[in-house]
Amino acid sequence: MKTSYFARAFRLPREKFFIVRISIGAPRGGRCDAFLQSLAPSREMLAAGYGAKEYHAQLRAVGVEDIRKQLEAVKKAAGRREVLLCCFESLAPDKVAEGQWCHRRLFADWWKEKTGEEIAEYQP
């Protein structure tokens, strides 16, 4: 399991990758294989300009065990395909250097802190 963004994920061979939407908005120009609403920031969070504190509070409310169950169900549905947890931000190195961040990486960092399991960003 890795994280990525829609524009990259939709260019990958679908027989090898299982794309999971973790954004409240759905992407145009591509189809996702699954949606994990519990990992998507709410519309209210987006409107309020949320940060790690608010997003982590949402994840704590769902709980590690419920999230684990959801991720296991996604892995089972994916079969042998690589699971990609996706949202919109590209996180290009120049943008990250300017302070851009993304909730998919906030989730990956939180997950590693809580479980010790790393979820890396997909790099082709």
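This briefing describes two helices, one buried glutamine and the largest pocket of the structure above. The model is predicted. Helix α4 covers residues 64-78, and helix α6 covers residues 103-115. The largest pocket has a volume of about 180 Å³.

**Helix α4**

- Helix α4 comprises 15 residues, and at 1.5 Å a residue these should span 21 Å. The C-alpha atoms at its ends are 21 Å apart, which agrees with that expectation.
- Four residues of α4, namely Ile67, Leu71, Val74 and Ala78, are buried. They cover an arc of only 55 degrees around the axis, and therefore lie on the same side of α4.
- Lys69 and Lys76 are exposed on the other side of α4.
- The packing partners of the buried α4 residues are the strands β2 (17-21) and β4 (82-87), together with the helices α3 (52-62) and α6 (103-115).
- Gly79 comes just after α4 and takes a positive phi of about 65 degrees.

**Helix α6**

- For the 13 residues of α6, a rise of 1.5 Å a residue gives an expected span of 18 Å. The end C-alpha atoms of α6 are indeed 18 Å apart.
- The buried residues of α6 are His103, Arg104, Leu106, Phe107, Ala108, Trp110 and Trp111.
- These buried residues pack against the strands β1 (2-5), β4 and β5 (120-121), and against the helices α3 and α4.
- Just after α6, Gly116 has a positive phi of about 80 degrees.

**Gln58 in helix α3**

- Gln58 is located in helix α3.
- The relative accessible area of Gln58 is 16%; because residues under 20% count as buried, Gln58 is classed as buried.
- When neighbours within four places in sequence are left aside, Gln58 is in contact with Gln37, Ser38, Leu39, Ala40, Pro41, Ser42 and Met45.

**The largest pocket**

- Rolling a probe the size of a water molecule over the atoms shows where empty space is left.
- The lining of the largest pocket consists of 13 residues. Those nearest the centre of the pocket are Pro41, Leu46, Tyr50, Glu89 and His103.
- By class, the lining contains eight nonpolar, four polar and one charged residues.
- Two of the residues nearest the pocket centre, Pro41 and His103, also appear under the topics above: Pro41 is in contact with Gln58, and His103 is among the buried residues of α6.

Methods:
Residues numbered from 1 in each chain as written. Predicted model: local features only at pLDDT ≥ 70, side-chain atom pairs only at ≥ 80, totals over all residues. Heavy atoms only, no water. 1 Å grid on protein atoms, 1.4 Å probe; cavity = no way out; pocket = protein on both sides within 12 Å on 5 of 7 lines; lining within 4 Å. Points joined across faces, edges and corners; volume = space filled by probe spheres on them. Nonpolar A, V, L, I, M, F, W, Y, C, P; charged D, E, K, R; others polar. Helix = DSSP H or I, 4+ residues; strand = E, 2+ residues; numbered from the N terminus. Expected span 1.5 Å × (residues − 1). Buried < 20%, exposed > 50% of the residue type's maximum accessible area, 1.4 Å probe, protein only. Arc of directions from axis to C-beta. Contact = heavy atoms within 4.5 Å.
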